[in-house]
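Student: Could we go through the surroundings of the ligand step by step, with the cut-offs stated as we go?

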Amino acid sequence: MSAADKVKPAASPASEDPSAIAGNISYHAQYSPHFSPLAFGPEQAFYATAESVRDHLLQRWNDTYLHFHKTDPKQTYYLSMEYLQGRALTNAVGNLAITGAYADALKKFGYELEAIAGQERDAALGNGGLGRLASCFLDSMATLNLPSWGYGLRYRYGLFKQRIAKEGQEEIAEDWLDKFSPWEIVRHDVVYPIRFFGHVEISPDGKRKWAGGEVLNALAYDVPIPGYKTKNAISLRLWDATATAEDFNLFQFNDGQYESAAQLHSRAQQICAVLYPGDATEEGKLLRLKQQYFLCSASLQDIIFRFKERKADRVSGKWSEFPSKVAVQMNDTHPTLAIPELMRLLMDVEGLGWDEAWAVTNKTVAYTNHTVLPEALEKWSQAVMRKLLPRHMEIIEEIDKRFREMVISTRKDMEGKIESMRVLDNNPEKPVVRMANLCVVAGHTVNGVAELHSNILKQELFADYVSIWPNKFQNKTNGITPRRWLRFCNPELSEIVTKWLKTDQWTSNLDLLTGLRKFADDEKLHAEWAAAKLASKKRLAKHVLDVTGVTIDPDSLFDIQIKRIHEYKRQLMNILGAVYRYKKLKEMSAADRQKVTPRTVMVGGKAFATYTNAKRIVKLVNDVGAVVNNDADVNKYLKVVFIPNYNVSVAEVLIPGSELSQHISTAGMEASGTSNMKFSLNGCVIIGTLDGANVEIREEVGQDNFFLFGAKADQVAGLRKDRENGLFKPDPRFEEAKQFIRSGAFGTYDYTPLLDSLEGNTGFGRGDYFLVGYDFPSYIDAQARVDEAYKDKKKWVKMSILNTAGSGKFSSDRTIDQYAKEIWGISACPVP
Ligand code: B1N
């Protein structure tokens with residue numbers, strides 16, 4: 001039966017009345033058809049519903065654009081190579097406050113909104129925390145009515161899908177655009193030329209200009225981002241790469257040379273084909289650099305177009321006004337090319353001199369650093385850069401030269417530091433451009449993403465610059481949107497919070513959660529709280545059964561670690577802990593076992609495709625699970641589950657059902673972490689090190705409600721030295737756990753290289769760089785404290801309530817408000 005057989009179609013944008021909405025859904029099923037007409041299954045229902053919701057969004061998007069155009073406020077442009085948007089339907093109807101109406105409308109077709117929302121594919125245009133942060137920021141920018149946009153790339157394939165096979169992780173292309181995305185609107189009139197390669201031409205008057213090479217087009221797709229309970233909707237503008245008909249060589253094609261005839265078309269397709277192609281090969285590196293430049297050039301041309309569009313007299317100049325109308329935020333160094341590109345556009349296209357262009361650029365761009373890991377600090381080969389972007393390389397060389405001259409003429413005392421501070425590293429072996437240095441030299445503000453991280457930036461990574469520009473460096477502790485990460489993903493707990501606070505205002509004023517503290521001992525609240533947690537645990541258990549076939553007990557302690565697999569995040573320590581626990585359970589008498597707190601240890605996350613040790617960790621978790629879960633002696637007390645294909649929508653099921661979550665990185669290495677905030681907000685207690693935002697979470701929720709262990713950041717260097725000097729004495733429990741794996745207890749796979757990475761500097765040994773051995777005993781002790789605490793239900797529920805109550809600081813609304821006031825200088829511009 002078709003939609004129209006059930007409900008009469010209505011073309012007018014849906015009102016908030018369920019019958020009218022149903023009519024509009026039916027209309028979309030018939031008149032914006034993507035499927036043949038007779039069937040109206042859940043998938044068809046999803047697309048028609050999404051298109052109906054999009055009508056609401058478009059109206060708001062248009063109103064917001066017009067309002068910004070008329071009022072001409074200063075506007076922020078957030079440049080990011082990654083956005084992890086996840087699903088959009090539940091979030092959109094939730095932010096527009098029409099969830100109930102759409103749920104009722106879908107009932108008329110015999111569907112539940114939740115089931116229809118589950119049809120949507122995740123938009124996974126990001127790797128992890130950095131991309132998800134960008135998406136949370138967009139939600140907060142819209143909610144706070146800030147004049148702001150996001151710019152990114154429209155990758156054809158997002159982050160790979162993870163499948164667990166016998167050999168471990170397998171990667172499959174993530175086809176989020178299979179069928180199509182109902183949320184994007186292609187703007188055929190928003191197209192900019194993007195040049196690659198070529199050369200620099202010098203005219204008789206000495207003016208320099210980039211010419212030749214190949215030129216592709218950037219085409220805009222807008223994804224509307226609705227704010228929560230506001231009329232504002234902003235834009236995530238994603239660029240796609242295209243070539244034109246002129247680039248298609250008909251002559252060659254007719255001559256049978258099909259590939260060379262469409263060469264530029266195929267190069268255009270490559271640019272946005274996949275998120276972050278592996279950069280192990282030279283070709284991969286070049287493609288990544290092309291992607292970065294593509295994003296920067298298209299976005300800046302668009303920003304300049306809008307600057308001119310808003311006032312006619314800007315067409316011929318008024319460039320000094322630019323920084324009072326435009327703020328550009330670079331999400332890590334990936335969009336650093338925005339700096340030389342803005343310089344180029346201002347000088348070569350608009351005719352400004354160097355000093356004028358530099359002043360404008362410096363006042364416009366700011367940089368957020370997200371990591372201090374040396375391997376993640378981008379450095380591009382000067383040769384590759386010169387070939388792909390010859391004019392930009394000239395500009396970068398000039399920036400480098402002027403920076404050195406400035407230091408020499410004004411700061412004689414810093415002369416010895418110049419080589420490490422400058423933008424170019426002219427090491428003859430491998431001359432490179434240091435992107436972070438370029439950002440620091442050119443930007444007006446540099447920020448870290450948690451207090452501890454920002455202090456490390458100021459005291460270590462960027463210490464020399466601090467003595468030159470003491471006011472350039474700031475902290476902006478990360479945040480998460482309370483809409484997606486509590487209100488919509490955990491409706492049971494949300495209702496309880498609203499009931500006890502007697503308001504749902506916490507959804508946009510998360511500090512109100514502190515109001516829960518005074519009920520922390522209330523038995524009625526405890527009963528409701530525990531019931532909501534149990535409901536979420538059951539939903540989680542169903543997911544685990546569906547995707548792994550493993551049955552887990554909702555009465556056991558749900559212990560979760562979900563994040564990208566990386567040695568510094570120490571999933572290996574977690575699994576060694578589980579192995580140790582298993583061994584002890586095996587050794588116990590049956591009577592003693594009955595006193596043990598039953599636990600389900602869940603680990604999820606993707607390993608970068610070429611990161612061998614990360615893939616070995618995935619395999620180990622799976623192998624341990626296969627043995628433990630089938631061991632009838634102990635599997636009542638311990639299960640170990642690897643959750644496949646961790647992504648945003650899986651997180652939305654896992655986080656509400658969690659009771660203990662692990663944030664156990666080597667201190668000083670996790671810049672912030674953001675899932676730690678999501679867990680705590682959902683009443684989950686953290687076991688963690690003093691790293692990243694853990695430090696601030698513990699301060700806010702209270703040290704009694706956080707299981708702390710491990711070395712502190714300022715001890716790490718010394719401990720590594722000790723280790724090198726043979727001063728480290730491993731705890732017997734650590735040796736026992738490793739030995740148990742080496743003995744073959746979990747199968748025949750060769751874990752020697754992985755385990756050897758925890759040993760001294762021999763063979764595969766890397767001297768346990770991440771200090772798993774040093775922290776292991778205190779980790780095991782902390783886990784024992786967890787077991788004891790969980791036995792006292794009252795105590796545990798109180799800890800859970802106090803975690804939620806202490807999470808107000810970690811709203812991305814707070815973070816974005818601080819960026820707006822302290823970095824961007826923008827203010828709210830609500831549509832009346
Ligand atoms: O950014 C998150 C932080 O919460 C995490 O602690 C941090 O690890 C993460 C190169 C990165 N830092 N650097 C990256 C991503 C992609 C890439 O190609 C580096 N991601 C982070 C948000 O602040």
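Student: By class, how many nonpolar, polar and charged residues does the shell around the ligand have?

Tutor: This is a predicted model, in which local features need pLDDT of at least 70 and side-chain atom pairs count only at pLDDT 80 or more, while totals for chains, interfaces and linings use all residues. Residues are numbered from 1 along each chain as its sequence is written, and side-chain values use heavy atoms, with hydrogens and water left out. Ala, Val, Leu, Ile, Met, Phe, Trp, Tyr, Cys and Pro count as nonpolar, Asp, Glu, Lys and Arg as charged, and the others, Gly among them, as polar. On that basis the shell has 6 nonpolar, 8 polar and 3 charged residues.

Student: Which residues come nearest to the ligand?

Tutor: A residue is near the ligand if one of its heavy atoms lies within 4 Å of it. Of the 17 residues around the ligand, those that come nearest are Tyr276, His370, Asn478, Glu670 and Gly673.

Student: How far from an oxygen atom of the ligand is the polar backbone atom of glycine 673?

Tutor: A polar contact here is a pair of N or O atoms within 3.5 Å. For asparagine 478, a polar side-chain atom lies 2.8 Å from a ligand oxygen, and for the backbone atom of glycine 673 the distance to a ligand oxygen is 2.8 Å.

Student: Why does the ligand lie between domain 2 and domain 3?

Tutor: Domain bounds come from an automatic or database domain assignment, which gives domain 2 as 73-87 + 122-160 + 170-478 and domain 3 as 482-713 + 772-810. The ligand lies between them because residues of its shell come from both domain 2 and domain 3.

How values were computed: Polar contact = N/O pair within 3.5 Å; in protein donor to acceptor, adjacent residues only side chain to side chain.
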